[in-house]
Amino acid sequence: MSHDQLPTDQPAVVTCGLPYANGNLHVGHLRTYVAGDLYSRALRRVGQQTAFVCGSDMHGTPVAVNAAEEGVEPREFALEFHEQYKERFPQFNIEFDNYGHTDDETNTELTQEFVEHWIDNEHIVEKEIEVAWDAEIEEPLPDRYVEGTCPYCGEKARGDECDEGCQRHLEPGEIENPRSVTTGNPAEYRTREHKFLRLSDFQEYLQGFLDRLEGTENARNQPREWIEGTLEDLCITRDMDWGVDYPGEDRDDLVLYVWVDAPIEYVASTKQYAEHTDDYDWEQVWKIDGEENHGTAWDDTWTDQSGEIVHIIGRDIIQHHCVFWPAMLRGAGYNEPRSVLATGFVGIDGKALSTSRNRAVWAEEYLDEGFHPDLFRYYITTGSGLENDVDFSWDRFAERVNGELVGNIGNFCYRALLFAQRNYDGTPDADVSKEVSERIEESIERFETAVAEYDIRELGQIAVDLADFGNEYIQRHEPWNLVDDDPEQASQVIRDCVQLTKACALLMQPVMPEKAATIWEQLGEEGSVSEPELDAALAAPPAEFGEPEELFTKVEDETIEELNQKLRDRVATASEAEEDGESDEESDGAAEEDTDHVDLPALEDGRIGFEEFQDIDMRVGEIVEAEPIEDADELVLLTVDIGIDQRQVVAGLKQLHDVDELPGTRVVLLANMEKAELFGHESNGMVLAAGEQADLLTTHEDSALGTRIK
Ligand SMILES: [Zn+2]
């Protein structure tokens, strides 16, 4: 059995992975929250009742370790960041309906209730385990207090997570060569008694759950490997003071593991939202059949009766959301997630984002530059599919803002509204052409499909594509020539363009909510652009409106050069500091380059689909001419025959190859590479070569010139 297609008539909740309240937010963090905000707006746009909730993760060792370093209490430390996030998210137009935190009363009570249900339902066992201990200071070393080697892949790992290697969750006692993060002392193992959630109770259930689960491929497929064989029990308690107290009376010395109370905040935050909203039933969303139902057993007849739960998370916490979390919910009589969307990592200028090396673009920094939040939202959601890694580069940011936003959608809406206002004081009295209304209908369908398929990138792109059509439509009809010659035709063309502008506003609202509101206002529309359903894109815009203003401003080259320089300086300073041993901060997001293997960059974690590969047009070619380019140490000007075409290509090949011997060489040419100009020569394609020395790739048999590489 599978889920009904979205939208449904059940209430939905969209959540984002909770940010640890222990540091400033950077563009890597923001990707997940922008995606969540976009998707919840899109769901509402298609008529689904939706709550968008989140909260700060206050507990756990990441907070406790950092607070201890600063010499403050964990609560005080975490609350400061909590307040900061609460202000920061809306500055990026990320508008949660409720933003709580895991240390508040609602979450504490609910968490203890969950655990009591597990105890009642006999899913909890007590076991003796070995836990890491700092013998010198007589302190236990839970989770991130300890680091060492991952027993599965051998990479450096934290106590509870192989963050730089295989991404597995690690149970207490599993990490090898443990040492204390705070004192550097080698840790010893001591025997302690802890509480465990017996995951094997849910083995069969989880199989069925994963078969039903929707969302990104990585979230649906990776967990299959983790639930093969007998599931290990999950240790749910820690020897710590900071956290939610374990509710069982027998062990009041323990607190709950942070990954118990953290996801329960999704439920708590929804409950808080419902408390100040009349018509939102949180129990209908979260509880099975919307009622008290905390039975121990379930049958296989899963029915699609409850609300729609959509989690958007970083891909490093897939196991928590697709294995532990559904078992936790099920064991307490709660509904399961319908879908999990796991985002790829964000790199900076082609390298891993690293806070310790200061190779990061900070949320605050972006805003301080005066950039509009909607530009970032568009850039980060449409650069790549959600589950792929994306690279943040100021150059690419400027290129896309200037090309796609200023040059395309901004230009189209401004031209359309200005022409309409000057010649007709608003929308001309004419019917929309069939071509344009069909085009708008097509965009609406694309939008609806993208919602049903959780295609965040597509949702961000539709309005810009429609504006692209609009620009082409204006060029094709040249209304400025028609005004005198054929006034009837002129008013129809302009009516079309105003209609397209209105459709753009409605379709772009999830990704660029503030810019959409500006167009809505310029059109003289009443109410908020977020209210109407998609069909409104075909309804007539107001007959009168005022003179429009341009939507976007060009990002100047000098600004980008300054930002690049600033980033380079910062990375250089941080690297020096690191060499001096001043910084021992962790990297986050993508695994950092391992300095022991500087010769080989790490393998890309993100996989691409075959469809994406098909976008790469590579052909068998033969170099027919080659001449060195003067003043360029390495560059050669090539003519490459690819059967159907001869291409001029500039390539850096002089390091390894003798220019005179190049003609006659079989090569592989990337034929749909963007054209570039290098040293005054156009380069129309790219020959593939390996490494810094540019060792040319070739074929070994006689494939015909122009044969496609696949
Ligand atoms: Zn590992």
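Trainee: Why does Cys166 count as partly exposed?

Mentor: In this predicted model, Cys166 has a relative accessibility of 27%, and since a residue is called buried under 20% and exposed over 50%, Cys166 counts as partly exposed.

Trainee: What makes Cys153 partly exposed?

Mentor: The relative accessibility of Cys153 is 34%, and because the partly exposed class lies in between the limits of 20% and 50%, Cys153 counts as partly exposed.

Trainee: How do you know which residues coordinate the zinc ion?

Mentor: A sulfur atom is a donor if it lies within 2.8 Å of the metal, and the SG atoms of Cys150, Cys153, Cys162 and Cys166 lie at 2.3 to 2.4 Å from the zinc ion, so these four cysteines are its donor residues.

Trainee: Why is the site of the zinc ion called tetrahedral?

Mentor: The angles among the four donor atoms are 98 to 116°, and because four donors count as tetrahedral if all angles lie between 85 and 135 degrees, the site is tetrahedral. The ideal angle for four tetrahedral donors is 109.5 degrees.

Trainee: How are the donor residues of the zinc ion spaced in sequence, and what does the pair of Cys153 and Cys166 tie together?

Mentor: The donor residues follow the spacing C-x2-C-x8-C-x3-C. Cys153 lies in the loop between β6 (146-149) and β7 (156-158), while Cys166 lies in the loop between β7 and β8 (176-180), so the pair ties together parts that are 13 residues apart in sequence.

Trainee: Turning to the whole chain, how do you know that the protein chain is as compact as a globular protein of its length?

Mentor: The protein chain, which has 19 helices and 27 strands, has a radius of gyration of 29 Å, close to the 27 Å that the globule rule gives for 710 residues, so the chain is as compact as a globular protein of that length. Along its principal axes the C-alpha trace spans about 90 × 70 × 50 Å, and of the 710 residues 55% count as buried.

Trainee: Which residues touch the most other members of the largest nonpolar core?

Mentor: That core has 178 residues, and Tyr39, Trp118, Ile236, Trp286 and Ile409 touch the most other members. Leaving aside neighbours within four places in sequence, Trp118 is in contact with residues including His123, Leu197, Ile236, Val260 and Met328. Apart from the largest core lies another core, of 16 residues, among them Val636, Ile642, Leu662 and Leu669.

Trainee: Why is Asn471 called buried?

Mentor: Asn471 has a relative accessible area of 10%, and because buried means under 20%, Asn471 is buried. Asn471 lies in helix α14 (residues 456-477) and touches Gly407, Asn408, Asn411, Phe412 and Arg415, not counting residues up to four places away in sequence.

Trainee: What makes Arg359 buried?

Mentor: With a relative accessible area of 8%, Arg359 falls under the limit of 20%, so it is buried. Arg359 is found in the loop between β17 (351-352) and α10 (363-368).

Trainee: Which residues of helix α5 are buried, and what covers them?

Mentor: The buried residues of helix α5 (residues 203-212) are Gln203, Tyr205, Leu206, Phe209, Leu210 and Arg212, and their cover includes β10 (214-215), α6 (217-226) and α9 (318-331).

Notes:
Residues are numbered from 1 along each chain as its sequence is written. This is a predicted model: local features need pLDDT of at least 70, side-chain atom pairs count only at pLDDT 80 or more; totals for chains, interfaces and linings use all residues. Side-chain values use heavy atoms; hydrogens and water are left out. Donors are N, O and S atoms within 2.8 Å of the metal (3.2 Å for Na, K and Ca); water is not among the atoms, so sites may look incomplete. Four donors count as tetrahedral if all angles lie between 85 and 135 degrees; four count as square planar and six as octahedral if opposite donors are over 155 degrees apart and all others between 65 and 115; anything else is irregular. Helices (H or I, at least four residues) and strands (E, at least two) are DSSP runs, numbered from the N terminus. Buried means under 20% relative accessible area, exposed over 50%, partly exposed in between (1.4 Å probe, protein chains only). Contact means heavy atoms within 4.5 Å. The radius of gyration is taken over C-alpha atoms; the globule rule is 2.2 Å times the number of residues to the power 0.38. A nonpolar core is a set of buried Ala, Val, Leu, Ile, Met, Phe, Trp, Tyr and Cys residues joined through side-chain atoms within 4.5 Å.
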